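Trainee: I have a model open and would like to learn how to read it. Where should I start?

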Amino acid sequence: MQRRSALAAVLVAAFFLVAACGGSGSGAGAGTASGSGGSPTLKIGFVQALSGPGAAYAQTNSAAMKAAQAMAQQSGVTLDVVAGDDATDPATAAQVCQRMVQQDHVVAIIGYEQDAAASACNQATSGAKIPQLNATGVGGLGCIANVYGMAPTPTQSVGTVADYLVKEEGKKKIFFVGSDLPTNHSVLDELTSAVNAAGGQIVGSSFEPFGSTDFTNDLTRVKSSGADAVVSAVAGNDSLVFHKQYATDPTASAIEALEMYVPAVGSDSASYLNGLHLVAPYFASVDNDANTTFLADWKAAGQAGNPPTNAIEVLYSVQMLIQAYQAAGSSTGSDILAAMAGVSYDGPAGTWTEDNHSVKLPLYIGQDDKDGTATVIKTTDPLAPGTTCAG
Amino acid sequence: MNVLVGAIGSTGTIMLTVLGLGLILGLLNIINLAQAGMMAIGVYLTVDLVGSGWSFWLAVPVATVATGLVGAVIEYAVVRRVYRRPLDAILATWGLSLVIVECIQLHDGSAPKDLDPPISGGFSLGDSYLPTYRVALLALGLVLVLVLGLIQRYTTLGLRVRMVMSNPALASGCGINTTQVRQWTFIVGSALSGLAGALLGPISSISPDYAQAALIPAFLVVLLAGNLLRGLVIASVLLSAVQTLFSVYVSPLYASVVVIAVALVLLRVRPHGISRAAA
């Protein structure tokens, strides 16, 4: 019995020893080594939902990260990407980010995470003083010193939406449907102000828990409100269910709908999305040289269909990080963090510039086509994010 | 009218979801946490078959049978060993659900899939719209409950199942192969789960963690139902009505919480369920 206990104790101790020695790198925040041929290597973490309700974007996010690695290689930087799954759960996100910081010694973390998961991840990144770029934005997070949102803010999106629907389309009565996320409550507040300022009014709103499979009651509310347009911010897989129900309800579908989160449907556009208005920082039909090159690279990499918006947000997150690394002239996480202010990248979606821990960028209004693309019907000038963060 | 339409829609989906679960939990006393995984197998097989050009109505029965076969393998390899160990059964079936999700993700990826409803059109009732397909799901759910009830009540097979459920030792002493009865019960339960998954695909988003969100309400319905099949219908209607009432008049955000609260109160009042056969 004593021998067994001793053996068990030795095995447990050996396990912890191996776990503690796991991962590579020499010190916190300094994940650089020379890659083959002497090109600098940046070790970064990439956290997203590979499971759970937010996993709809995982495949295209991963493809975008691979494209970003290839583009980085062409500009002389080797990216060593440590991937993690937050399972759309804050507790898991915290563990994953902690491991990336403490064991893998990444110099930055790029995330495609919901607010709660991103906030949990920040427990690790803020302590290590490394940049955390969240490709879904920073809407519900507020101003955090090391966090940068790489997606449109509510101010940018709702201003564009309100101007388009109220002033250009003449739709004065707007109904809002959204997933119950902190960002969406901010979106509704800002949309209300923007619509009122444009001369319209919000005639009703409805929130559904993330993971909903039935929007019947929401559609009933839309119809009984007398709305002449619906603005929806239904996230993840829920957006497909919502728009499917919307399109098959003949009375509801007669009301113009504009979706703020571009639905992820894989390679082919589902028929029920045809004609849906969308507001996004990117569509594949954006007309510029960088996009033409990017689309060719995307297809050459074997990706079916066009790159979706979330892929561009991941791509730009990586490119902005590389810009900061090159500006810092150092591969230490804290130095890269200090160089994040004002970095800019001109790519397939136009020019994005860091501004108050978010990005100044142009937005596009598109209309979904039958062939899986969206025709761009309006392009804005680069819009300020509307965030005010000191430092 | 809004409440009626909403309740009709959600009763059908809940009833289909709980059939397989109720069979396995009610008859085998196994909390099958692989229920959502079975539903996912059913819907992904249907998606693949329809994508290959099969008719939806042909793909569904094939997917149902295939899920039953998967259930047969799982029963033989795993579940058979934990019939008398409920806690181990929970762990085992939970592990199976994780394996199923990962296998689906490896085979089909994480991007959502889509199935068009095989029946189009619907009924406008005031400001509400009830798709014909949802009415069909409710009707199908009721028919399945009726058929299962008739089998259980009036056939030799049903008699054997009830004997094994009531007193396995005595049933075995009477010459009934209890292992075979349990095996077929699990297979049929798995097939029903696959059927539910396939039928609910056109009105749901299809991803590797398909139907995970439906597990908790489904377990509540099964616990509330008691040991009679009509209890499944009553419990499904009751919880759907509560959920819809709160969604319409208060907020969808609190509806799930209220459903759980109501279920807890009912279980406190009737711990053995709504409907229970006399001892």
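**Reading one helix and its surroundings**

Mentor: Start with a single residue: A:Asp189 has a relative accessibility of 52%, so A:Asp189 counts as exposed, the cut-off being over 50%. Keep in mind that this is a predicted model.

Trainee: Where does A:Asp189 lie?

Mentor: A:Asp189 is part of helix α6 of chain A. Its C-alpha atom is separated by 9.3 Å from that of A:Pro154, although the two are 35 residues apart along the chain.

Trainee: How many residues does helix α6 of chain A have, and what span should they give?

Mentor: There are 17 residues, 182–198, and at 1.5 Å a residue they should span 24 Å. The C-alpha atoms at the two ends are 25 Å apart, which agrees. Just after α6(A) comes A:Gly199, with a positive phi of about 105°.

Trainee: How do I read the sides of a helix?

Mentor: An α-helix has 3.6 residues a turn, so residues three or four places apart point the same way. In α6(A), the buried residues are A:Thr183, A:Asn184, A:Val187, A:Leu188, A:Leu191, A:Ala194, A:Val195 and A:Ala198. They cover an arc of only 140° around the axis, and therefore sit on the same side of α6(A).

Trainee: Which exposed residues does the face turned away from the buried side carry?

Mentor: That face of α6(A) carries A:Asp189 and A:Ala197.

Trainee: What do the buried residues of α6(A) pack against?

Mentor: They pack against two helices of chain A, α4 (115–128) and α5 (154–168), and against the strands β7 (173–179), β8 (201–208) and β9 (229–233).

Trainee: How does one helix fit into the whole of chain A?

Mentor: Chain A has twelve helices and 16 strands. Of its 391 residues, 53% are buried. Take the contacts in chain A between residues at least 6 apart in sequence: 68% of them join residues at least 24 apart.

Trainee: What should I look for among the buried residues?

Mentor: In soluble globular proteins, nonpolar side chains tend to be buried together. Here the largest nonpolar core has 94 residues, and A:Ile44 and A:Met260 have the most contacts inside it. Helix α11 (residues 309–328) of chain A gives the largest share of this core, eleven residues. Apart from that core lies another, of 67 residues, including B:Ile30, B:Val145, B:Leu148 and B:Val222.

Trainee: Which residues does A:Ile44 touch, beyond those up to four places away in sequence?

Mentor: Among them are A:Met65, A:Leu79, A:Val106, A:Ile110 and A:Leu321.

Trainee: Is B:Thr185 buried or exposed?

Mentor: B:Thr185 is buried, because its relative accessible area is 7% and the cut-off is under 20%. This threonine is found in helix α8 (residues 178–200) of chain B. Beyond its neighbours within four places in sequence, B:Thr185 is in contact with B:Leu23, B:Leu27, B:Leu28 and B:Val161.

Trainee: And B:Thr64, buried or exposed?

Mentor: B:Thr64 counts as buried, at 13% relative accessibility. It belongs to helix α3 (residues 56–77) of chain B. With neighbours within four places left aside, B:Thr64 is in contact with B:Ala191 and B:Leu195.

Trainee: How do I read the place where the two chains meet?

Mentor: Look at contacts, area and charged pairs in turn. In this model, 35 residues of chain A are in contact with 31 residues of chain B. The two chains bury about 2400 Å² between them, with 49% of it on carbon and sulfur atoms. Two salt bridges are counted between chain B and chain A. A:Asp214 forms a salt bridge with B:Arg134, whose closest N and O atoms are 3.7 Å apart.

Notes: Residues numbered from 1 in each chain as written. Chains lettered and ligands numbered in written order. Predicted model: local features only at pLDDT ≥ 70, side-chain atom pairs only at ≥ 80, totals over all residues. Heavy atoms only, no water. Helix = DSSP H or I, 4+ residues; strand = E, 2+ residues; numbered from the N terminus. Buried < 20%, exposed > 50% of the residue type's maximum accessible area, 1.4 Å probe, protein only. Contact = heavy atoms within 4.5 Å. Core = buried A, V, L, I, M, F, W, Y, C linked by side-chain atoms within 4.5 Å. Expected span 1.5 Å × (residues − 1). Arc of directions from axis to C-beta. Buried area = accessible area lost by both parts, 1.4 Å probe. Salt bridge = Lys/Arg side-chain N within 4 Å of Asp/Glu carboxyl O.
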